[in-house]
Amino acid sequence: MIKALFAGRRWTSLRLRLLVVFALVALTAAVSASGIAYWLNREAVLTRTQDAALGDFRQEMQNRAAALPADPTQDELQHAAEMMAGSSPGYSVLLVDELKDGRKVAGAAGPDAFSLADVPKSLQHAIDDRQKTTSANDAEYHMYWQRTKPHGNPYLVGGTRIVGGGPTGYMYKSLAQERDDLNALAWSLTIATGLALLGSALLAQAAARTVLRPVQRLGDAARRLGEGELDHRLEVSGTDELADLAHTFNKTAEALEKKVADMSAREESSRRFVADMSHELRTPLTALTAVAEVLEEEVDDLDPMIAPAVALVVSETRRLNNLVENLMEVTRFDAGTARLVLDDVDVADQVTACIDARAWLDAVELDAERGIVARLDPRRLDVILANLIGNALKHGGSPVRVSIRVEGEWLVMAVRDNGPGIPEDVLPHVFDRFYKASASRPKSDGSGLGLSIAMENAHIHGGDITAENGPEGGALFTLRLPVDVGKVIAGDEA
């Protein structure tokens, strides 16, 4: 039955604790009640039997044994014992007397074979102990009794002497019937305890269902809230603490929904502003770039006082143009409109082309086998490589070593520079937008978006970039991309 309660269900720790607590409380209460009931009944049964047998034996001793003549014969003792045992069946009687010549005579009768050897020595001594008579004690001898278990069977042994001279009498009563009755009572109490334990399990199940069902609904609601269903609410019923908790949850969810909506609206507004600003800047920047190129061609013919200013204008115009392009790229990533144009690319040739287009051949060492072909977006790979290698040349110094290898289904590209490395406090932030470690990168004049854009391009391929300091010095950037990005995208869509 208990197994059926647990079958086919996933038990939470709270539910299990409730069941265990209920079971322990019920078990403790049942065992305590059963123990007390058994002890009280045992004492009542044994006391009743004991009092009845000893009272009857005392009366028979006064009526039969006290009437025997002084120095009774064996036959007289035997007859008296038979009369005593026969008048009240259920116990055996042993009468013992000592004659004047020192001989002992005895008479025994009853359902059990009974001799003086069956009487404990301590009981014999207590019975034979003669006491002084006082105002509080008017008898020289008293009746004593003891429970024994010869051969494992329970017996009541009692005895007394006739005051003023006479035989000593012993009674011997089996308590087997009382033992059987008490064993039956013990079994009944054990069964009752088991039923109480089972009942407690059923009550615990009902209580757990009543208490934990709202908690489970609250957990499900919190999980759905975490998954983005901000409009989900709990049904509030009742006026207890769980109802207050559900009401508080709904108010919290409502406030969170409003907060997220406000933040999303502000983020969308900021994204739209950046996109619009970047788009609007492209037209004047195009004109400025054209003018800057013309001025750069004529810089040798300009006045030496004007030439530095022209060179600065050309440099800053190009920098501003790069910043606008980077901002537009970031906006596309944030809006989720960035898309891959996949093609089969010879990776070594792609890296060589990236280096050659930027005139970095003398400053970069390439360690790559020919023939490594990967399916990816060549334009975005070029952006990643340009940012990683350019960052290494700018902040680490040449020579920059680029190594390419294939590990299973992954293309691994490592870019290591020859500089002092990246400070430990800077490492966690190197891919953050607009982050510049000016104290450690005094020559930095970039926008702070290059590495962030490289990371976004890696992510859109299903890959990643890590930054660390190499064991031999210098910064080490490791790019990991799937060899076949098309399979990864198809797997994600499936």
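Seven bridges join strand E10 (410–416) to strand E12 (residues 475–482), and these two strands run antiparallel. The model in which this pairing appears is predicted. Elsewhere in the chain, five strands form an open antiparallel sheet, and a set of aromatic pairs, four in count, accompanies these elements. The points below are grouped by topic.

**Strand E12 and its partners**

- Within the pairing of E10 and E12, alanine 414 stands opposite threonine 478 of E12.
- Strand E11 (residues 464–469) is also joined to E12, by six bridges, and the sense is again antiparallel.
- In E12, arginine 480 has aspartate 464 standing opposite.
- The charged end of arginine 480 sits over the ring of tryptophan 410, at 5.2 Å from the centre of that ring.
- The hairpin of E11 and E12 has five residues between its strands, and glycine 473 in this hairpin takes a positive phi near 100°.
- Strand E12 is mostly covered, with seven of its eight residues buried.

**The five-stranded open sheet**

- The strand order in this sheet is E2-E1-E5-E4-E3, and the pairing is antiparallel.
- Strand E2 (104–109) and strand E3 (144–148) are the edge strands, each of which pairs on one side only.
- From one strand to the next, the twist averages 15°.
- Six bridges connect strand E1 (residues 91–98) with strand E5 (residues 168–174) in the antiparallel sense.
- Leucine 94 has tyrosine 170 in E5 as its bridge partner.
- In a regular strand, side chains alternate between the two faces of the sheet.

**Helices packed on the sheet**

- Helix H3 (residues 74–87) lies across E1 and E2, and the helix runs at about 30° to E2.
- In helix H4 (residues 121–128), the residues Leu123, Gln124 and Ile127 are buried.
- These three residues cover an arc of only 100° around the axis, and therefore lie on the same side of H4.
- The buried residues of H4 pack against E3, E4 and E5.
- Lys121 and His125 are exposed, on the face of H4 turned away from its buried side.

**Aromatic pairs**

- The count of aromatic pairs comes to four.
- The rings of tyrosine 155 and tyrosine 172 have centres 4.4 Å apart and planes at 5°; because planes under 30 degrees apart count as stacked, this pair is stacked.
- This pair links distant parts of the chain, since tyrosine 155 belongs to strand E4 (residues 155–161) and tyrosine 172 to strand E5, 17 residues apart.
- Tyrosine 155 and tyrosine 172 are both buried.
- Together with Phe114, the residues Tyr155 and Tyr172 form one aromatic cluster.
- For phenylalanine 431 and phenylalanine 477, the ring centres lie 6.1 Å apart and the planes are at 85°, so the pair is edge-to-face.
- Phenylalanine 431 lies in the loop between strand E10 and helix H10 (450–460), whereas phenylalanine 477 lies in strand E12, so this pair ties together parts that are 46 residues apart in sequence.
- Phenylalanine 431 and phenylalanine 477 are both buried.

Notes: Residues are numbered from 1 along each chain as its sequence is written. This is a predicted model: local features need pLDDT of at least 70, side-chain atom pairs count only at pLDDT 80 or more; totals for chains, interfaces and linings use all residues. Side-chain values use heavy atoms; hydrogens and water are left out. Two strands pair if DSSP finds at least two bridges between them. Helices (H or I, at least four residues) and strands (E, at least two) are DSSP runs, numbered from the N terminus. Axes are lines fitted to C-alpha atoms, for helices over the stretch in contact, and angles run from 0 to 180 degrees between N-to-C directions. Contact means heavy atoms within 4.5 Å. Rings of Phe, Tyr and Trp (its six-membered ring) pair if their centres lie within 6.5 Å; planes under 30 degrees apart count as stacked, over 60 as edge-to-face and the rest as tilted. Buried means under 20% relative accessible area, exposed over 50%, partly exposed in between (1.4 Å probe, protein chains only). A charge sits over a ring if NZ of Lys or CZ of Arg is within 6 Å of the ring centre and within 35 degrees of the ring normal. The arc is that of the directions from the helix axis to the C-beta atoms.
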